[in-house]
Amino acid sequence: MSEQHIQKLQTLKAIAETLNEANDLEEMLDAVLKQLIHVTELECGWIFLVDKKGSYSLVADCELPPALTWENKQPMCEGDCWCLDRYNDGRLQRAANIIECKRLEDAIEEKWGDTKGITHHATVPLRAGDEKFGLLNVASPNKTHFTNEELALLEAVAFQIGTAIKRIKLVENEQKLALLAERNRLARDLHDSVNQLLFSLMLTAGGAKEMTTDGRMKKTLDYIQQLAQEALQEMRSLIWQLRPQGLENGVASALMNYGKMLGLNVEMDIHGVIDLPSDVEECLWRVGQEALNNCKKHADVSTVSIFITVKNKQIKMEITDKGCGFNYSDEEMPSLGLKSMKERIEAMNGTFHIKSAIGKGTTVQMMIPLKGERAK
Ligand SMILES: Nc1ncnc2c1ncn2[C@@H]1O[C@H](COP(=O)(O)OP(=O)(O)OP(=O)(O)O)[C@@H](O)[C@H]1O
Ligand SMILES: [Mg+2]
């Protein structure tokens, strides 16, 4: 084996070891990036994670030049750049030489500091199967081109990292679900045991009150009844609180379980926390169920994503599949399923849209105003 091959294998081995030990996503990315820079002849690197909507965050960096660490790494946390543009519009499928780095060009123009001779970088998507998580970028001073051999190695490393990200996300999801199940169980148990006891206490005190003519006794029993009533109230609110992050997680976990029952893998992304009125929750649950049914019946996919955002006194929910898509126009609702989704949402003063294109998948979007906005 040539020296180069041995070097390559050693790099992959070192990376695999680092990845294997990790359980925390950001710590893992930080460690693996340092490891990569250490075992190769590269000088600096950074990793962007990109969410499904295309927003990115810098999650790890190593030996960035001062031009890029200016003002608490501002050049790395704001604005767009060519590598992310390419990643987001799907052109970046493999490791690539990026001709020049826009962030570095901006840094030079704005005089943010020394670039340490770094002008170009290689960029590699982090993937596991057809799922994408972000970008790995690496650079060296005065290096304007990466050979095919170097890009192939980076690609192999990126695959390892992508697979590790996927593993960590799966574990996190499992933990979230286990926690949810435990809290639901506790809520159910409290409801069935303590609540029932308090309820009987209240009834018994009420009954005893009727059985006596003694004024002082009546007063005492009345007090007991009142206390039991208050305890019951406290208990009710405690049980609500036990259902994590307010009511919207009731819907979220219900939809998650419903998707599971259909044999779909549901990716859930929730932002914001609020107590949802039960009619909103019910509406989202019914509409969500139909959307998941449609994904299962028509889209030909195994994975569906659900985004829920509560912000500015409104709740938004989006259900997306990357399946076959269909021709859709707002004027002509093809059949009952879609029609009743729209009607349910509009009955809550909300808005309902479908975006779909053949071969590109389908997104069902809905928004319902909360509180004052809805009481029209
Ligand atoms: N996620 C999706 N992916 C692909 N096609 C879809 C999707 N959702 C809906 N469609 C298309 O739109 C049509 C209408 O959907 P709709 O839910 O109104 O009716 P349906 O699912 O066929 O019947 P049902 O009334 O039992 O729900 C479907 O028959 C299907 O062709
Ligand atoms: Mg349907």
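**Domains.** I began with the domain division of this predicted model. The protein is split into domain 1 (3-170), domain 2 (193-242) and domain 3 (248-374). I then looked up the separation of two of these, and the C-alpha centres of domain 1 and domain 2 are 64 Å apart.

**Magnesium site.** Next I asked which protein atoms are donors to the magnesium ion (ligand 2). I noted Glu-290 (OE) and Asn-294 (OD1), which lie 2.1 Å from the ion. I placed both residues in helix α10 (residues 278-299). They are separated by about one helical turn, because they are four residues apart in that helix. I also looked up whether the two donor residues are buried or exposed. Glu-290 has a relative accessible area of 19%, and Asn-294 has 15%. Buried means under 20%, so I entered Glu-290 as buried and Asn-294 as buried.

**Helix pair.** I followed α10 to helix α11 (residues 336-347) and asked at what angle their axes cross. The crossing is at roughly 160°, and the axes come within 10 Å. Angles over 145 degrees count as roughly antiparallel, and α10 and α11 are therefore roughly antiparallel to each other. I recorded the crossing of α10 past α11 as left-handed. On the α10 side, I listed Cys-283, Arg-286, Val-287, Glu-290, Ala-291 and Asn-294 as making the contact. On the α11 side, I listed Gly-337, Leu-338, Met-341, Arg-344 and Ile-345. Glu-290 and Asn-294 thus appear in my notes both in this contact and as donors of the magnesium ion.

**Lys-53.** I turned to Lys-53 and found it in the loop between β1 (44-50) and β2 (56-62). Its relative accessibility is 53%. The cut-off for exposed is over 50%, so I entered Lys-53 as exposed. Which residues does Lys-53 contact, leaving aside its neighbours within four places in sequence? I found Phe-307 and Glu-318. I also took the C-alpha to C-alpha distance from Lys-53 to Glu-343, which is 27 Å in space, with their positions 290 residues apart in sequence.

**Ala-181.** Last, I located Ala-181 in helix α6 (residues 148-192). Its relative accessible area is 46%. That value falls between the 20% and 50% cut-offs, so I noted Ala-181 as partly exposed. How far is Ala-181 from Ser-253, C-alpha to C-alpha? The distance in space is 9.0 Å, and the two residues are 72 residues apart in sequence.

Methods: Residues numbered from 1 in each chain as written. Chains lettered and ligands numbered in written order. Predicted model: local features only at pLDDT ≥ 70, side-chain atom pairs only at ≥ 80, totals over all residues. Heavy atoms only, no water. Helix = DSSP H or I, 4+ residues; strand = E, 2+ residues; numbered from the N terminus. Buried < 20%, exposed > 50% of the residue type's maximum accessible area, 1.4 Å probe, protein only. Contact = heavy atoms within 4.5 Å. Donors = N, O, S within 2.8 Å, 3.2 Å for Na, K, Ca; no water. Domains from an automatic or database assignment. Axes fitted to C-alpha atoms, helices over the stretch in contact; angles between N-to-C directions. Parallel < 35°, antiparallel > 145°, perpendicular 65-115°, else oblique. Left-handed = near helix turned anticlockwise from the far one by under 90°.
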